[in-house]
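The following explanation is intended to be read alongside the sequence and the coordinates. Please keep both in view while following the text.

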Amino acid sequence: MAPKRPDYEGSDGESYGKPSKRSRMMEKDTDEYLKRRERNNIAVKKSRERSRQKAKETIEQVNRLRAENEMLEQKVEILSKELSVLKDLFLAHAGNVAQSERAIEATESRAPIPDHQYSSSKQKQ
């Protein structure tokens, strides 16, 4: 039986078994190597184009969200001003109602003047 020939020999003559993919590099002038390089170049171009497209989409989304955020901040400001005006109106109205009630109470505390038949019957009872 013939001695088994090692698949790969190191510089020291020792056998390392099957060569790794890297050590089985193809000759640069072969058709297979050129095809693989071409396919790799195409894959790299596609990958980089996808990365550029994704970055572009991300920037566009950021710009849309910033514009929407500015619009919403303006809306919050407008609504806050409107709320302030409505609060002031409400407080002014509430103050007028309170003054009117105090004036009515002050008037009623004096001798009430009947203005219809029910008022006079209440006083008699």
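The paragraphs below proceed from the chain as a whole to individual side-chain contacts.

The model under discussion is a predicted one. Its protein chain contains two helices and zero strands. Of the 125 residues in the chain, 1% are buried. The accessible surface of the protein chain amounts to about 12,500 Å², and carbon and sulfur atoms account for 53% of that area.

Helix α1 covers residues 31–109, and the local features described next involve residues of this helix. How many salt bridges are counted in the model? The count is three, and each is taken in turn along the sequence.

One of these salt bridges joins the side chains of R36 and E32, with an N to O distance of 3.2 Å. The two residues are four positions apart in helix α1, which means that about one helical turn separates them. Is R36 buried or partly exposed? R36 has a relative accessible area of 43%, and therefore counts as partly exposed. E32 is likewise assigned to the partly exposed class, because its relative accessible area is 44%.

Another salt bridge is formed between the side chains of E49 and R52, where the N to O distance is 3.3 Å. Here the spacing is three residues, about one turn of the helix, and both partners belong to helix α1. What is the exposure class of each partner? The relative accessibility of E49 is 41%, so E49 counts as partly exposed. R52 has a relative accessible area of 51% and is therefore exposed, since the exposed class begins over 50%.

The pair E77 and K81 also forms a salt bridge, and its closest N and O atoms lie 3.6 Å apart. This separation satisfies the criterion, because a side-chain nitrogen of Lys or Arg has to be within 4 Å of a carboxyl oxygen of Asp or Glu. E77 and K81 are four residues apart in helix α1, so about one helical turn lies between them. E77, at 46% relative accessibility, is partly exposed, whereas K81 is exposed, with a relative accessible area of 53%.

A contact of another kind involves T58, which also lies in helix α1. Which backbone atom lies 2.8 Å from a polar atom of the T58 side chain? It is the backbone oxygen of K54. T58 itself has a relative accessibility of 41% and hence counts as partly exposed.

Attention may now turn to nonpolar surface. V85, L86 and L89 form a nonpolar patch on the surface. Together, these residues present about 290 Å² of accessible area. Within this patch, L86 is a residue of helix α1. Why can L86 take part in a surface patch? L86 is partly exposed, with a relative accessible area of 48%, and patch residues are required to have over 30% relative accessible area, so L86 meets that condition.

Terms used:
Residues are numbered from 1 along each chain as its sequence is written. This is a predicted model: local features need pLDDT of at least 70, side-chain atom pairs count only at pLDDT 80 or more; totals for chains, interfaces and linings use all residues. Side-chain values use heavy atoms; hydrogens and water are left out. Buried means under 20% relative accessible area, exposed over 50%, partly exposed in between (1.4 Å probe, protein chains only). Accessible areas come from the Shrake-Rupley method with a 1.4 Å probe; for residues, only the protein chains shown count as cover. Patches are made of residues with over 30% relative accessible area and no salt bridge: like charges are joined within 9 Å, nonpolar side chains (Val, Leu, Ile, Met, Phe, Trp, Tyr) within 5 Å. A polar contact is a pair of N or O atoms within 3.5 Å; within protein, one must be able to donate a hydrogen and the other to accept it, and residues adjacent in sequence count only if both atoms are side-chain atoms.
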